[in-house]
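Visitor: Can you walk me through this one? I'd like to go over charged pairs, a hairpin and the pockets.
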Amino acid sequence: MNITDQEHEISNQHHLELLLAYLQLHDYQFITISPASHERVNNRIENAMGNDLVDIFGWNRPFNPEAIDTALFDLMHSANIITKVENGLKSQLRVSSLNGKLFLHSAFPTSSSEAIFFGPDSYRFARAIYHFLATNQQPIHRAVDIGTGSGVGAVMLALALPESEIIAADINHAAINLAHANMAAADMHHIELVHSDLLKNVAGSFDLIIANPPYLLDESERVYRHGGGPLGAGMSLDIVDTAIERLNPNGALLLYTGVAIVNGYDAFLAEAAVKLDFAGFTYEYTEVDPDIFSEELDNEAYRMADRIAAVVLIARNHSV
């Protein structure tokens, strides 16, 4: 990246931070639902156009310039997130709220390979993090969020662990850019953002590794969505391997992911258990939602699957 590109990126991040500040000042809140539900709601005739902040940045509906004030229009223009569509203008980013913080993420629908996803998984991931931290008995001096995306996991850690070293890693440059703005707007300036495939560009070991990786089989192999491997479990299993290599003694992995259940059998759990047992790790495994992304079952890749479940794996390094 040359100096001009760096300056443009810094300027863009600054304007995105100002946009989030504007929305916070106007008490903006929006809970993001699943893509299938989002599409159903937006397809209602009365929802064809956006008329307020929630319509524009939450539901991501087209809008006319008269629907917003001049200050907001200028902010959106400076951040370069306005695009023309057939029936007006549209924001190229959405904004969701979680635990009092706002998070920029990709426009709907998330069709780009490098889209930054935020949705029901983000809320479940945050709950899993808080539950873990509330019951954890071991000190956490250094933690990392693998595949941070919009930065949800890292921000939740930083809020709960203000004295700890927090690293957020992602292979997607666009995710790093949005996460930087989200973290700055949340006043979380002590998080270190690193461009990295898993932890390849991150040195050292950790007391805590958290991750909410892609876990579906996506025909287009979009980075934010495609887990690869057997029924989408490839990335999740890679993270288990990474945790085995990089966790300190008594360090923990918190992995929130989705798994395809075939004839009642969880192949991800079976393979992860072999890896963890061999490495001398203990683990807890919880199915937090038995049925997510049910529309995926119509795809050929999931022809034999009963369902896709959301699970949380907590594994701890008790090896000597």
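Guide: A term to begin with: buried means under 20% relative accessible area, exposed over 50%, and partly exposed in between, with a 1.4 Å probe and protein chains only. This is a predicted model, where local features need pLDDT of at least 70, side-chain atom pairs count only at pLDDT 80 or more, and totals for chains, interfaces and linings use all residues. Residues are numbered from 1 along each chain as its sequence is written, and side-chain values use heavy atoms, with hydrogens and water left out.

Visitor: Is Asp55 buried or exposed?
Guide: Asp55 counts as buried, at 10% relative accessibility.

Visitor: Which residue does Asp55 form a salt bridge with?
Guide: Its partner is Arg61, with the closest N and O atoms 2.9 Å apart. A salt bridge here is a side-chain nitrogen of Lys or Arg within 4 Å of a carboxyl oxygen of Asp or Glu. Arg61 is buried as well, with a relative accessible area of 5%.

Visitor: How many salt bridges does the structure hold?
Guide: Eleven. One of them pairs Asp289 with Arg124, at 3.3 Å between the closest N and O atoms. Asp289 lies in strand β11 (residues 281–289) and Arg124 in helix α5 (residues 120–135), so this pair ties together parts that are 165 residues apart in sequence. Helices (H or I, at least four residues) and strands (E, at least two) are DSSP runs, numbered from the N terminus. Arg124 is buried, with a relative accessible area of 15%.

Visitor: What about Asp197, which residue does it pair with?
Guide: Asp197 forms a salt bridge with Lys200, where the closest N and O atoms are 3.3 Å apart. Asp197 is partly exposed, at 29% relative accessible area. Lys200 is exposed, at 64%.

Visitor: Which residues are linked in a network of salt bridges?
Guide: Asp218, Arg222, Arg225 and Glu296.

Visitor: New topic, the hairpin. How do β3 and β4 run?
Guide: Antiparallel, with six bridges joining β3 (residues 93–98) to β4. Two strands pair if DSSP finds at least two bridges between them. The bridge partner of Ser96 is Phe103 in β4. Two residues sit between the strands, and Asn99 takes a positive phi near 50°.

Visitor: Is β4 covered or open?
Guide: Mostly covered: six of the six residues in β4 (residues 101–106) are buried.

Visitor: On to pockets. What volume does the largest have?
Guide: About 980 Å³. Of its 47 lining residues, Phe117, Pro214, Val223, Tyr224 and Arg225 are the closest to its centre. A pocket, on a 1 Å grid over the protein atoms alone, is an open set of points where a 1.4 Å probe fits, with protein on both sides within 12 Å along at least five of seven lines; lining residues have an atom within 4 Å of a point. Grid points are joined across faces, edges and corners, and a volume is the space filled by probe spheres set on the points.

Visitor: Which element gives the most to that lining?
Guide: α8 does, with four residues. By class, the largest pocket's lining has 22 nonpolar, 15 polar and ten charged residues. Ala, Val, Leu, Ile, Met, Phe, Trp, Tyr, Cys and Pro count as nonpolar, Asp, Glu, Lys and Arg as charged, and the others, Gly among them, as polar.

Visitor: And the second largest pocket, how many residues line it?
Guide: There are 21, with Gln92, Leu93, Ser106, Ile116 and Ala174 nearest its centre. About 430 Å³ of space lies in this pocket. Helix α7 (173–185) gives the largest share of the lining, four residues.
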